[in-house]
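Me: I've got a model open on my screen and I'd like to learn how to read it. Can you walk me through it, feature by feature?

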Amino acid sequence: MHTSALVMFSGGQDSTTCLAHALSKYDRVETLGFDYGQRHRVELQARHTVRDRLRAQFPQWAPRLGEDHVLTLDVLQQIGGSSLTEDVAFAMQADGLPNTFVPGRNLLFLTLAGALAYRRGLQVIVTGVCETDFSGYPDCRDDTMKAMQLALNLGLERRLRIETPLMWIDKAQTWQMAQDLGGEALVELIVRDTHTCYQGTRDALHDWGYGCGSCPACELRAKGWQRWRAAAVD
């Protein structure tokens, strides 16, 4: 029986939905974020705001929300080559992947999450990766998660489980999951307090949240919102 979880929490829509999912399911939940030199560093502040609002607005979850951890991974910026860590325009690469792909990022994230979970005595790692409605990143695929879970269990001699609540749902269904978990209050919190935009823009509030409206992350979030709202009207 699993009773504790470590949520990989960026402060965005997906990881906030995953955090709400974990808080509704596990007795003890801690969060983990990464500072890797990302251009949208505003997400690091959003993390604190979201945690504070969750604790204040959802008293049933407050006792379960434990410590927050932030690890520094500037090695990803040193490797370079990504529009998330360098001031270059968003574009597709010759290999068919967008240049927002940071090679090895999620593999490093999960390795460090496993090490932290080991030290903290946490049993489940929750991550918001998805291969239904995503940017094509190979380190978000279900096969990658299964392989990483096996590697962590072998390398740490622990029965850690990697949980991916969003793996087989699209962005519209992710909005619906948020509503199912926390009602309109959670949806409104995600709209106003989470951050997804790769540009780090917080000066324009759209129906679906803050962002530039044109980067790949904003486009996915906005289209998901529109499909969700359209389905609600139908």
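Reply: Sure. Let's start with a term: a nonpolar core is a set of buried Ala, Val, Leu, Ile, Met, Phe, Trp, Tyr and Cys residues joined through side-chain atoms within 4.5 Å. Keep in mind that this is a predicted model.

Me: Which residues touch the most other members of the largest nonpolar core here?

Reply: The general idea comes first. In soluble globular proteins, nonpolar side chains tend to be buried together. In this case the largest core has 61 residues, and Val7, Leu19, Leu54, Ile125, Trp175 and Leu186 touch the most other members. Helix α6, residues 171–193, gives the most to this core, with nine residues.

Me: How do I get a feel for the whole chain before zooming in?

Reply: Look at the order of the elements and at how much is covered. The chain has seven helices and seven strands, and along the sequence they follow the pattern β-α-β-α-β-α-α-β-α-β-α-β-β-α. Of the 234 residues, 51% are buried. Then check which parts of the chain meet: among contacts with a separation of 6 or more, 67% are between residues 24 or more positions apart.

Me: Let's zoom in, then. Is strand β1 enclosed or open, and why?

Reply: To judge a strand, go through its residues one by one and ask whether each is buried, which takes under 20% relative accessible area. For β1, residues 4–8, five of the five are buried, so the strand is largely enclosed by the rest of the structure. Both faces are covered: Ser4, Leu6 and Met8 point one way, Ala5 and Val7 point the other way, and all are buried.

Me: What does Val7 contact, leaving aside its neighbours within four places in sequence?

Reply: Val7 is in contact with Ser15, Cys18, Leu19, Ala22, Val29, Glu30, Thr31, Leu32 and Val126. Leu19 is, like Val7, one of the core residues that touch the most other members.

Me: Which strands does β1 pair with, and in which sense?

Reply: For pairing, find the bridges and then check the direction. β1 runs parallel to β2, residues 28–35, and five bridges join them. Ser4 has Arg28 as its bridge partner in β2, and Met8 has Leu32. Between the two strands the chain passes through helix α1, residues 13–25, and this β-α-β crossover is right-handed. β1 also pairs with β4, residues 124–126, in the parallel sense over three bridges. There, Ala5 stands opposite Val124.

Me: And what does β2 pair with besides β1?

Reply: β2 and β3 pair in the parallel sense, over six bridges. Leu32 has His69 as its bridge partner in β3. β2 is mostly covered too, with seven of its eight residues buried.

Me: Asp68 caught my eye. Is Asp68 buried, partly exposed or exposed?

Reply: Asp68 is found in strand β3, residues 65–72. With a relative accessible area of 22%, Asp68 is partly exposed; the cut-off for buried is under 20%. Leaving aside its neighbours within four places in sequence, Asp68 is in contact with Thr31, Leu32, Arg47, His48 and Arg51. Try a distance as well: the C-alpha atoms of Asp68 and Phe9 are separated by 9.2 Å, while the two residues are 59 apart along the chain.

Me: How many aromatic pairs are there, and how do I read one?

Reply: Check the distance between ring centres, then the angle between the planes; under 30 degrees counts as stacked. The structure holds six aromatic pairs. Phe58 and Trp61 are stacked, at 4.8 Å centre to centre with 20 degrees between the planes. Phe58 counts as buried at 4% relative accessibility, and Trp61 is buried at 5%. Another stacked pair is Trp175 with Trp228, at 6.1 Å and 15 degrees. This one links distant parts of the chain, with Trp175 in α6 and Trp228 in helix α7, residues 216–233, 53 residues apart. Both of these Trp residues are buried.

Me: Which residues form an aromatic cluster, and which charged residue lies over the face of Tyr118?

Reply: Phe34, Tyr36 and Phe109 form one aromatic cluster. For the charge, look for a side chain over a ring face: Arg158 lies over the face of Tyr118, at 4.0 Å from the ring centre.

Technical notes
Residues are numbered from 1 along each chain as its sequence is written. This is a predicted model: local features need pLDDT of at least 70, side-chain atom pairs count only at pLDDT 80 or more; totals for chains, interfaces and linings use all residues. Side-chain values use heavy atoms; hydrogens and water are left out. Buried means under 20% relative accessible area, exposed over 50%, partly exposed in between (1.4 Å probe, protein chains only). Helices (H or I, at least four residues) and strands (E, at least two) are DSSP runs, numbered from the N terminus. Contact means heavy atoms within 4.5 Å. Two strands pair if DSSP finds at least two bridges between them. A crossover is right-handed if, with the strands pointing away from the viewer, the path from the first strand over the helix to the second runs clockwise. Rings of Phe, Tyr and Trp (its six-membered ring) pair if their centres lie within 6.5 Å; planes under 30 degrees apart count as stacked, over 60 as edge-to-face and the rest as tilted. A charge sits over a ring if NZ of Lys or CZ of Arg is within 6 Å of the ring centre and within 35 degrees of the ring normal.
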